[in-house]
Amino acid sequence: MEYFLNFDTSKLPEDRADVVICGSGIGGLTTAIVLGELGITPLLLTRGVGNTYYSQGGIACALHPEDSPYLHALDTQKAGRGLCNEGNLRILVDGGVQGFVNLKRWGVEFDKETTIEGGHSFPRVYKVKDYTGKAIHEALWRRVKELKIRIVRGELQEILGEGRVEGIVYYDGSMKFIRTSILVLATGGAASMFLHTSNPVRVRGDALGIVLRKGLSLVNPEFVQFHPTVVKNTSILISEAVRGEGAVLVDQKGERFVNELEPRDVVARAIYRKMKEGGEVFLDLRPLKAAGIELRERFPTIYGMLREKGYEPEKEPIPVTPASHYFIGGVEVNSYGKTILEGLYAVGECACTGVHGANRLASNSLLEGVVFGYRTAYRIFHDLSFYRKSSKGNFKNLREGKRKPPYTFEDLRGLMWEACGLERDEEGLKRASEKLKVWIEGYKHWTPSIENRQLLDISLVALATVSCALWRKESRGVHYRKDYPHEREEFRRESLYTLEKPAS
Ligand SMILES: Cc1cc2nc3c(=O)[nH]c(=O)nc-3n(C[C@H](O)[C@H](O)[C@H](O)COP(=O)(O)OP(=O)(O)OC[C@H]3O[C@@H](n4cnc5c(N)ncnc54)[C@H](O)[C@@H]3O)c2cc1C
């Protein structure tokens with residue numbers, strides 16, 4: 001299974017770039033800026049803002065004299081349940097100093113005071129009120145423009161080349177071709193493949209499917225982190241800090257049913273079970289007001305988003321659901337973002353450096369994007385002279401196809417939520433795996449449209465997630481199996497998935 005779309009690059013408008021970076025979240029923007037500062041102007045392809053923009057909490061860095069990268073690593077390891085990649089974790093926590101200074105140098109104005117978040121033993125989370133991600137995005141975007149980096153609005157469709165990167169096909173209303181020998185994927189995670197999600201629709205994880213079609217592996221796709229409190233039927237996340245300040249969770253009778261300050265996965269599962277029993281769950285923010293906390297001042301973004309949806313958080317409890325939030329797995333990369341395909345790099349949530357292990361510690365992912373984006377840029381600066389330039393050859397995939405896929409993206413999200421969500425078991429996962437295989441088996445006859453390419457690619461990632469969840473016969477970190485509720489030593493290792501060799 002390689003190309004899906006119908007194209008012939010000799011008939012497409014052609015462009016050329018030394019380096020193409022796909023994605024404009026913290027990973028892609030950092031890589032682009034550092035390359036730009038090193039004198040190499042990449043082309044930045046993006047279909048809009050990603051999860052970075054919506055990050056509320058902050059970025060974790062061990063900078064205070066009484067804190068240390070060692071303590072930060074210990075906290076991360078504790079959450080990661082024995083699966084953290086030690087070498088890369090060291091790089092992550094040590095790289096915080098450089099990453100933080102770079103963000104400030106590029107114009108991010110952090111608040112003076114830091115906060116503490118679940119799982120951290122020190123208040124090392126740097127923030128800009130409750131809109132850290134937006135502040136980071138805006139500063140980095142400005143720097144990209146100052147450096148005159150070429151920005152192209154469009155969507156990656158196909159990665160071209162045999163045994164190495166030779167170009168890409170993207171879509172911006174029509175199909176276009178870029179010849180390049182280096183592609184950096186910074187396309188974010190795939191958590192939005194579940195019915196309830198905190199991720200915006202632009203971050204769909206379909207690029208990970210393109211990578212699978214290219215024959216590469218995904219590592220640890222079964223580890224999907226769920227956030228306990230997202231406003232029902234939206235992607236509005238209400239951060240833990242709100243519960244930390246006194247908001248309580250109640251059911252439809254107004255009764256509390258869980259200690260709101262338990263770890264994220266415990267609270268999320270308690271809400272999930274309540275909903276499975278047919279109940280409804282609400283987050284009551286009124287205790288904040290009673291405690292003298294002005295919601296609109298303390299949490300201006302959350303307050304604003306709730307009001308926009310017509311909720312009055314000072315007067316009524318808000319209906320919430322747990323929702324998929326963060327995709328811990330990703331494309332297999334080394335500590336410089338290199339994949340096994342010559343010329344292909346990956347950075348940020350779409351890559352798996354292994355730093356999070358089986359559960360991501362809050363505020364470590366923005367850090368990962370800035371630290372590994374920096375390293376990836378330096379590696380590319382060095383590698384550029386070694387790569388063969390993209391040839392003059394053309395690429396094509398000519399095929400017919402008139403069928404509609406027998407399912408929709410919404411069907412897929414419903415299936416993933418039911419069978420591969422917060423609580424998994426053999427029976428549900430097998431059912432989901434069979435269903436996904438039946439859904440995608442006739443893909444060669446589907447109309448080769450952009451929408452169908454997206455659906456196929458997301459389905460491939462979903463199948464990887466389900467297959468590895470089935471393979472992992474234990475519970476560890478965010479992966480919870482009702483039929484194997486404990487960690488098992490023989491599974492204290494990463495899972496690996498390719499289309500050729502599913503789940504091992
Ligand atoms: C609501 C919310 C709150 C969060 N809060 C925090 C926090 O406080 N601290 C923290 O550390 N982490 C937080 N996270 C997680 C964090 O935001 C992400 O892990 C991180 O921002 C990912 O950065 P990224 O650069 O990898 O991808 P993203 O920022 O998700 O960007 C992905 C980019 O890829 C583009 N893209 C995707 N596919 C294609 C394609 N096929 N073609 C072209 N472009 C494509 C998108 O348009 C986007 O520009 C939060 C996440 C969410 C959803």
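Reader: Hey, how many cavities of 30 Å³ or more does a search of the whole structure find?
Author: Just to say up front, this is a predicted model. The search of the whole structure turns up 1 cavity of 30 Å³ or more.

Reader: OK, and what volume does the largest cavity have?
Author: The largest cavity has about 40 Å³.

Reader: Which residues line the largest cavity?
Author: Its lining is made of Y326, F327, I328, A351, C352, T353, G354, V355, H356 and E368. The elements giving two or more residues to that lining are β16 and β19, the latter running over 351-352.

Reader: How do the residues of that lining divide into nonpolar, polar and charged?
Author: For the largest cavity, the lining has 6 nonpolar residues, 3 polar and 1 charged.

Reader: Switching topic: which residues are closest to the ligand?
Author: The closest are G48, T52, S55, G58 and E349, and 37 residues surround the ligand in total.

Reader: And how do the residues of that shell divide?
Author: The shell around the ligand has 23 polar residues, 9 nonpolar and 5 charged.

Reader: What polar backbone atoms does the ligand have an oxygen atom 2.9 Å from?
Author: One belongs to S24, where a polar backbone atom sits 2.9 Å from an oxygen atom of the ligand. Another belongs to L366, also with 2.9 Å between its polar backbone atom and a ligand oxygen. There's I26 as well, where the distance from a polar backbone atom to an oxygen atom of the ligand is 3.1 Å.

Reader: How much of the ligand's accessible area does the protein cover?
Author: On its own the ligand has 1000 Å² of accessible area, and the protein covers 98% of that.

Reader: Which elements give two or more residues to the shell around the ligand?
Author: Those are α1 (26-37), α2 (51-54), β8 (155-160), β16 and α13 (364-383). You've met β16 already, as it also gives two or more residues to the lining of the largest cavity.

Reader: Now pockets. How much space lies in the second largest pocket?
Author: About 240 Å³. It is lined by 17 residues, and the closest to its centre are L195, T197, T234, S235 and R413.

Reader: Which element gives the largest share of that lining?
Author: That's α14, with 3 residues in the lining of the second largest pocket. Both α14 (409-420) and β16 (318-327) give two or more residues there.

Reader: And how do the residues of that lining divide?
Author: The second largest pocket has 8 polar, 6 nonpolar and 3 charged residues in its lining.

Reader: Zooming out, how many helices and strands does the chain have?
Author: The chain comes to 16 helices and 21 strands.

Reader: Last one: why does the radius of gyration agree with a compact globule?
Author: Because a compact globule of 504 residues would have a radius of gyration near 23 Å, and the chain has 22 Å. As for the box its C-alpha atoms fill, that's roughly 70 × 50 × 45 Å along the principal axes.

Terms used: Residues numbered from 1 in each chain as written. Predicted model: local features only at pLDDT ≥ 70, side-chain atom pairs only at ≥ 80, totals over all residues. Heavy atoms only, no water. 1 Å grid on protein atoms, 1.4 Å probe; cavity = no way out; pocket = protein on both sides within 12 Å on 5 of 7 lines; lining within 4 Å. Points joined across faces, edges and corners; volume = space filled by probe spheres on them. Helix = DSSP H or I, 4+ residues; strand = E, 2+ residues; numbered from the N terminus. Nonpolar A, V, L, I, M, F, W, Y, C, P; charged D, E, K, R; others polar. Near = heavy atom within 4 Å. Polar contact = N/O pair within 3.5 Å; in protein donor to acceptor, adjacent residues only side chain to side chain. Areas by Shrake-Rupley, 256 points an atom, 1.4 Å probe, with all protein chains shown as cover. Rg over C-alpha atoms; globule rule 2.2 N^0.38 Å.
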